[in-house]
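Good morning, colleagues. I would ask you to look at the following chain with me for a few minutes.

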Amino acid sequence: MSEKARTMRIAVISDIHGNLEALVRCLDDIERSGVDQIVNLGDAVGYGPQPEEVLVLLEKMDIPNILGNHEMAVINRDYRSDFSPQAIISLEQTLKYLTSASLLYIKNLPYYREMIGALMVHGCPPDLPTIYLNHMSFSEIKETFASNSFDIAFAGHTHRLMLMGYDGKDLQFDPLQQETIKLEPDYRYIVNVGAVGQPRDGDPRAKYAIWDSHRNTLEIRRVAYDISRTANLIIKRGFLRRDADRLFSGDCPKQNKLTRAVGNDR
């Protein structure tokens, strides 16, 4: 039986950002949810105080991972030009806590993965780690669908939950406030799975999604964790206080092209 023909429940996590406490709580939740596979969509490091511990745990549990923009910036200074001054400070601090073995692990990460017919990428399909879906217009997202052949793609990077469905003509947008979503067979989808370690949607809980390829459903999981523990460690390990404070609010960002286009500025 081909991999695409198999039916599975896949937990898709992303943007852990060195937040081991949030990751462990999500893994506990995933274990109770009975999934067949876990995949991480990049940015396991950056902002958070335990990048090394996060990478070691992902590797120990044999969780497939891909290259995020923070991993790119860790191994190549040229990619730091798009980072804010605060993000660069965090990146330099992150490097102090990464071993040579973890740097080698990062260098070997792929730009994308394909799993049972689904495309896994950090930023924008098919393989771009640095493009934010919520900075794209409807026409740009339609072109992404038109120029690629995936039926469903999963992405991170925005730290938000979003679902974009395309039937070849119309683009539908869903901010994924509900817990379970039935995917329509006549649509192709891009799923933005939110962030485990640093949400930016106004809800400080860790987020991830479970895709059931047989039932063609998405289950959105929101997991509480000990934010104070992570925040205190951020300060203790010399990261910016901003990186700690934003965890408590879920750091809801300003309006952007995609949410503005549908009248949603959460």
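I shall speak about salt bridges, one buried serine and a charged surface patch.

This is a predicted model, in which local features need pLDDT of at least 70 and side-chain atom pairs count only at pLDDT 80 or more, while totals for chains, interfaces and linings use all residues. Residues are numbered from 1 along each chain as its sequence is written, and side-chain values use heavy atoms, with hydrogens and water left out.

Let me begin with the salt bridges, defined as a side-chain nitrogen of Lys or Arg within 4 Å of a carboxyl oxygen of Asp or Glu. The count is 17. E92 and R80 form one of them, at 2.8 Å from N to O. This pair links distant parts of the chain, 12 residues apart: E92 belongs to helix α4, R80 to the loop between α3 (69–75) and α4. R80 is buried at 8% relative accessible area, whereas E92 is partly exposed at 31%; buried means under 20%, exposed over 50%, and partly exposed in between, with a 1.4 Å probe and protein chains only.

Helix α4 (residues 85–96) also holds S90. Which residues does S90 contact, leaving aside neighbours within four places in sequence? They are G46, Y47, F239 and D243, contact being heavy atoms within 4.5 Å. S90 is buried, at 1% relative accessibility.

D243 is likewise buried at 1%, and its side chain meets that of R246 in a salt bridge of 3.9 Å, N to O. Both lie in helix α8 (residues 241–249), 3 residues apart.

Finally, D167, D170, E184 and D186 gather in a surface patch of negative charge, where patch members have over 30% relative accessible area and no salt bridge, and like charges are joined within 9 Å.

Methods. Patches are made of residues with over 30% relative accessible area and no salt bridge: like charges are joined within 9 Å, nonpolar side chains (Val, Leu, Ile, Met, Phe, Trp, Tyr) within 5 Å. Accessible areas come from the Shrake-Rupley method with a 1.4 Å probe; for residues, only the protein chains shown count as cover. Lys and Arg count as positive and Asp and Glu as negative; His and the chain ends are not counted. The place of a charge is taken as NZ of Lys, CZ of Arg, CG of Asp or CD of Glu. Helices (H or I, at least four residues) and strands (E, at least two) are DSSP runs, numbered from the N terminus.
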